[in-house]
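Have the viewer ready and your selection tool at hand. We will walk from a metal site out to some ring contacts, one selection at a time.

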Amino acid sequence: MAAEMALVKPISKFSSVAPKFGNLRSGSYSKFTTIKMTATSQPPPPTSTTRPSKKAAKTTIKETLLTPRFYTTDFDEMETLFNTEINKNLNQAEFEALLQEFKTDYNQTHFVRSKEFKEAADKLQGPLRQIFVEFLERSCTAEFSGFLLYKELGRRLKKTNPVVAEIFSLMSRDEARHAGFLNKGLSDFNLALDLGFLTKARKYTFFKPKFIFYATYLSEKIGYWRYITIYRHLKANPEYQCYPIFKYFENWCQDENRHGDFFSALMKAQPQFLNDWKAKLWSRFFCLSVYVTMYLNDCQRTAFYEGIGLNTKEFDMHVIIETNRTTARIFPAVLDVENPEFKRKLDRMVEINEKLLAVGETEDASFVKNLKRIPLIAALASELLAAYLMPPIESGSLDFAEFEPQVVY
Ligand SMILES: [Fe+2]
Ligand SMILES: [Fe+2]
């Protein structure tokens, strides 16, 4: 997993067309829990990304509504879904082929660091240094979140469907590698994320299996498009290549792409999640959640994107449009993100979000802050609803794909 998907709250029952952004309503913008970070005087040893130095000083980072989440699901239902006796749609030949692909392990020797990393990190100073650290932390957390979920699915599905289970285990191998590589990047800045602590301390968001499929598929594909876009941009504009991790993105993003393709195969094996009106509404809901979360997050961090020579909004719109085109090959409906009105709505959400953040930073008493938030949250909810209700694009993988498959290798 690579991208962040935080805005949506799990909804156990489909009761309304409107997306429910529960945390926004309850005003949890101001509620932070803490994630333990460790400041190390020495980089941690290469194999101990989850074990910080005992001598290290501790510091904290803020966790907000838009921070990458950890997910859990109904593993019993997952077992039923992947039981070949019950589900005759499971195309075991396709899963066997995917398994061989994962076993090939194309990136086994890819994630090897060089001394360039530390030298580049030392040159990064001032606000850009801080924003780089935050980028590494968030990316590491998102990758690690994928690792935990896939590892557990690999363990739980072993008996019911060993082929699917092994693929999950191999995907967790990839995500551990990605998270570890990012955590080693943090060591260049004399920091390390305490992943063991994170595993225990973070709250897990529960999604039913079908929502896990939508969310993780989108997360993998949007991650692919983010990484490849940054990689191509920096290849064309090497003067912005200020930290060598981006040079690894070309092969790295192929892992994310393969993970997304696996979820695509999983969804095809569960046509009940793709072929009715509810599936269309949920598909749009998850697209909106993922796109809005990314847009709001990135617009709060324009210094990072500008630091590597990108225009944040242009970068995000490119990623959203490409992800949406890819997603239209499998989801039964997607948003019309290429309609200029969609971007206008996103931009209005950014403005409202900035005002919400500004309220949080005032010295006002908390009830005053909450009062000030009410109209802003209402305005944000109204923009979200309007974006959700824009005429969608009917799509789907099997019979009426609107977009041509794209070459990704
Ligand atoms: Fe990943
Ligand atoms: Fe992934």
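Start with the iron ion (ligand 1): its 4 donor atoms subtend angles of 86 to 151°, so the arrangement is irregular. (Four donors are tetrahedral if all angles lie between 85 and 135 degrees; four are square planar and six octahedral if opposite donors are over 155 degrees apart and all others between 65 and 115; anything else is irregular.) This is a predicted model, in which local features need pLDDT of at least 70, side-chain atom pairs count only at pLDDT 80 or more, and totals for chains, interfaces and linings use all residues. Residues are numbered from 1 along each chain as written, chains are lettered from A and ligands numbered from 1 in the order written, and side-chain values use heavy atoms, without hydrogens and water.

Now show the protein donors, Glu143 (OE), Glu175 (OE), His178 (ND1) and Glu256 (OE), at 1.9 to 2.2 Å from the iron ion (ligand 1). Donors are N, O and S atoms within 2.8 Å of the metal (3.2 Å for Na, K and Ca); water is not among the atoms, so sites may look incomplete. Add the iron ion (ligand 2): the two ions are 3.5 Å apart, and Glu175 coordinates both.

Next, select Phe111 and Trp252, both buried (under 20% relative accessible area, exposed being over 50% and partly exposed in between, with a 1.4 Å probe and protein chains only). Their ring centres are 5.2 Å apart with planes at 80°, so this pair is edge-to-face (centres within 6.5 Å; planes over 60 degrees apart, with under 30 stacked and the rest tilted).

Last stop: Phe168 and Phe262, also edge-to-face, with centres 5.1 Å apart and planes at 80°.

Note on methods
Phe/Tyr/Trp six-rings, centres within 6.5 Å; stacked < 30°, edge-to-face > 60°.
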